[in-house]
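Okay, thanks everyone. I'll put the structure up and then talk through it.

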Amino acid sequence: MKFKYRFALRLGPVLVGAAGAGLYSLSRAQVVHLDDQVTIGCVAAVALAAIVGPFLPDLMEATRLRREQEMSIALRKSIAWVIEQCGADWRSVGARLFLVGRSPRMLFRQVLIARSYERLNKFAFPAAIKRRKGTGLEGMCWESGDDIVLDVSAHFGAQGQLTQEVWQRLPRDVTFGLDWRAYEAMRRLDVIAAYAIKSRSGSIVGVVTVEGPGGSLNCLTNDIIRSYIGNVGDALVLALRR
């Protein structure tokens, strides 16, 4: 956990306790008048801050680590399932989890944020990925609520390797609204599938993407794979709420 967050978590209970102690002291000195319920609340705030304050950062860190482990395990299970069902080489399969969250720069805008990535044969890929609705396969999946599978080799193959200048002039149905850096990472893949994760109310809470080998397009669209990834997504949503 970053230092600034740990500092904030330690400072918060201190401020709550100090505020409670201050109000109680003013009440005892008859500077302000507080009824019995408020007085009890002040005492409880001081006690709670003293008990919880020292342990809160560690509890938050333990929760974060548990969630990261659960996300990693879920994605590895997805990779193993794809390898088994598609007969794929283990070195050619990867999976990434995106969750809907708030943009750090614009708190009122929701974006898809990459939270976990698993691939046994890893290569250079942008680590911090965010997608707006309708941008990239992940954003398109989020916007429509439908699973999307793309044969990357076929889609970009006719274009050849594109320079940044050429990429910026291409239509959106080719670029999916992505920048050139994202294209450079994507063109190394063969097939990408994006599966929507839905809450019980039907709203999209995240997207799981699976990177498959060439020839896996039909396999990644079959109902067995889609159902399994959907179950993985449901389990992740429940786990991350704990």
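I'll begin with the whole chain, then go strand by strand.

First thing to keep in mind: this is a predicted model. The protein chain has 10 helices and six strands. There are 242 residues, and buried ones make up 40% of them. If you take contacts between residues at least 6 apart in sequence, 59% of those join residues at least 24 apart. As for surface, the chain exposes about 14,200 Å², with carbon and sulfur atoms supplying 56% of that.

Okay, on to the strands. Have a look at E2, residues 110-119. Seven of its 10 residues are buried, so the rest of the structure largely encloses this strand. What sits alongside? On one hand there's E1, residues 94-102, joined to E2 by nine bridges, and the two run antiparallel. On the other hand there's E3, which also pairs with E2 in the antiparallel sense, over two bridges.

A handy residue for finding your way around here is Leu112. In the E1 pairing, Leu112 of E2 has Val100 opposite. In the E3 pairing, Leu112 stands opposite Arg131.

So let's stop at Arg131, which belongs to the short stretch 130-131 that makes up strand E3. Is Arg131 buried or exposed? It comes out at 12% relative accessibility, and because the cut-off for buried is under 20%, Arg131 counts as buried. And what does its side chain do in there? It makes a polar contact with the side chain of Glu138, at 2.9 Å. Glu138 also turns up in the wider list of contacts for Arg131, if you skip neighbours within four places in sequence. Also in that list are Phe98, Val111, Leu112, Gly136, Gly139, Trp142, Leu178 and Ala182.

Hang on to Phe98 for a second, since it leads us to the last stop, Val205. Val205 is in strand E6, residues 204-212. Along the sequence, Val205 and Phe98 are 107 residues apart, yet C-alpha to C-alpha the distance is 8.7 Å. Again leaving out neighbours within four places, Val205 is in contact with Leu99 and Val100, plus Ile197, Lys198, Ser199 and Val237. Val100, remember, is the residue opposite Leu112 in E2.

So if you want to trace it on screen yourselves, start at Val205 in E6, step over to its contact Val100, cross to Leu112, and finish at Arg131 in E3. That's it from me, happy to rotate the view for anyone.

Definitions and conventions. Residues are numbered from 1 along each chain as its sequence is written. This is a predicted model: local features need pLDDT of at least 70, side-chain atom pairs count only at pLDDT 80 or more; totals for chains, interfaces and linings use all residues. Side-chain values use heavy atoms; hydrogens and water are left out. Helices (H or I, at least four residues) and strands (E, at least two) are DSSP runs, numbered from the N terminus. Buried means under 20% relative accessible area, exposed over 50%, partly exposed in between (1.4 Å probe, protein chains only). A polar contact is a pair of N or O atoms within 3.5 Å; within protein, one must be able to donate a hydrogen and the other to accept it, and residues adjacent in sequence count only if both atoms are side-chain atoms. Contact means heavy atoms within 4.5 Å. Two strands pair if DSSP finds at least two bridges between them. Accessible areas come from the Shrake-Rupley method with a 1.4 Å probe; for residues, only the protein chains shown count as cover.
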